[in-house]
Amino acid sequence: MVFDDRVTLKDRLCLIKWGWYTISMATGGLAVLLSRTPHQFTGLEVIGKIIYIFNLALFLAITTCMAVRFISRPIALKESFRDGNESYYAPTCLLAIATIILGAEGYGTSACGPWLQVALRTAFWIYVAISTLSAILHNWYLYHLAMASQEPFPIARLLPSFPAMLFGTIASSIAANQPRDQAIPILIAGVTLQGFGFIMSLLICAEYQYFLAKHSLPERAKRPHMFIAVGPWSFTALALIGMAKEGVKCFPSRYIILYADPTSTGNVTVSTGDVALVIASFFAIFVWAMAFFYLYIAAISVLASTRMFGGPGAPLISVVYWGMVFPNTGFIIATISIGQVLQSPAILWVTSVLTVLQVIMWLGVGSATILAVARRQMLWLEDVKTGIGDDFS
């Protein structure tokens with residue numbers, strides 16, 4: 001393959017598209033996972049903080065490159081939303097921001113003063129407003145342009161609604177250190193928008209199931225996309241358990257129950273929070289099974305394309321591979337939450353092993369991405385002609 005040596009650094013930076021935020025999503029998600037893994041050891045928190053800070057720099061770098069692209073060629077912003085491949089991945093920017101908020105709560109609470117909780121509360125409501133508007137307007141725009149005809153793989157259509165699905169996860173994280181009068185509205189908003197994201201995922205997953213049954217597996221280059229289906233079930237499970245656990249602490253004992261029987265003045269033997277935790281835990285286990293199913297369907301499909309398992313060989317590295325990291329992080333954290341409520345040491349040890357495997361995957365995909373960029377297999381003008389490295393953008 002012949003490359004044009006006159007390609008400048010600016011030319012390469014302008015090839016960075018919305019899908020590159022999946023790298024920040026995966027990195028921020030890993031930092032959050034390390035803060036929640038059940039078997040901590042000395043120095044793990046420091047490692048997590050380093051990864052979190054690295055992700056902040058990574059997010060700013062990607063954002064700067066996107067700004068260079070749009071400033072250099074203003075029409076590129078409009079084109080990015082009209083492109084059937086790239087438009088669906090614009091919300092990954094909001095997902096990356098969600099991991100930054102979660103990491104700030106996990107790593108900053110012990111090191112910062114009360115101002116951080118005010119800042120996180122403010123960031124939460126701003127994120128709610130932006131992500132809700134994005135879900136409505138972006139989905140309408142995609143419907144208006146019949147964009148699904150340009151992105152035939154249905155699971156990608158979940159992404160415009162995905163940021164709303166992380167409201168519950170963020171709410172369960174930041175509510176723990178908020179005053180009761182602030183925590184309750186945060187939890188109610190989390191439940192509301194988690195429900196929206198989950199119902200949207202049900203509709204799209206049904207279409208995804210039909211697609212697989214009718215058209216078989218997608219082409220090899222798109223198979224890492226299949227891990228997206230793991231996310232909705234996983235994040236719903238961990239969000240519901242997390243919000244219910246915080247509800248035990250901040251809900252008044254007769255919250256909602258009092259409405260059903262306002263004349264009762266007796267002592268409450270079971271509080272609203274206790275009821276919520278039991279229901280949330282069983283429902284989380286209920287949907288976790290679907291996350292497990294989609295995880296292994298995706299993993300087997302990717303492995304089946306490799307020569308090791310008799311396939312033609314895995315496709316060249318591209319940003320699409322980062323789509324395998326973030327949903328798995330949600331699956332592991334959801335499993336941790338289930339193991340904690342069930343008080344199962346066996347489940348918690350399994351999640352520690354999965355955490356190690358997730359770190360290995362992150363290191364592997366990260367190293368391959370760096371080598372591909374250095375070898376001009378990614379972020380090179382030839383990508384436009386060959387499609388190499390441009391599939392998840």
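**Figure 1. Surface and overall dimensions of the predicted model.** The accessible surface of the protein comes to about 18000 Å², and carbon and sulfur atoms contribute 70% of that area. The model shown is predicted. Its C-alpha trace spans about 80 × 50 × 45 Å along the principal axes. The radius of gyration is 22 Å, which agrees with the value near 21 Å for a compact globule of 393 residues.

**Figure 2. Helices and packing of the chain.** The protein contains 15 helices and zero strands. Of its 393 residues, 52% count as buried. Among contacts with a separation of 6 or more, 82% are between residues 24 or more positions apart.

**Figure 3. Nonpolar surface patch that includes Leu342.** Val278, Phe282, Ile285 and Leu342 make a nonpolar patch of about 380 Å² on the surface. Leu342 lies in the loop between helix H13 (326-341) and helix H14 (345-374). The relative accessible area of Leu342 is 46%, so this residue is classed as partly exposed, a term that covers values between the 20% limit for buried and the 50% limit for exposed.

**Figure 4. Surroundings of Thr351 in helix H14.** Thr351 is a residue of helix H14, the helix that follows the loop holding Leu342. Thr351 has a relative accessible area of 0% and is therefore buried, the cut-off being under 20%. Leaving aside residues up to four places away in sequence, Thr351 touches Pro38, Ile332, Thr335 and Ile336.

Key:
Residues are numbered from 1 along each chain as its sequence is written. This is a predicted model: local features need pLDDT of at least 70, side-chain atom pairs count only at pLDDT 80 or more; totals for chains, interfaces and linings use all residues. Side-chain values use heavy atoms; hydrogens and water are left out. Patches are made of residues with over 30% relative accessible area and no salt bridge: like charges are joined within 9 Å, nonpolar side chains (Val, Leu, Ile, Met, Phe, Trp, Tyr) within 5 Å. Accessible areas come from the Shrake-Rupley method with a 1.4 Å probe; for residues, only the protein chains shown count as cover. A salt bridge is a side-chain nitrogen of Lys or Arg within 4 Å of a carboxyl oxygen of Asp or Glu. Helices (H or I, at least four residues) and strands (E, at least two) are DSSP runs, numbered from the N terminus. Buried means under 20% relative accessible area, exposed over 50%, partly exposed in between (1.4 Å probe, protein chains only). The radius of gyration is taken over C-alpha atoms; the globule rule is 2.2 Å times the number of residues to the power 0.38. Contact means heavy atoms within 4.5 Å.
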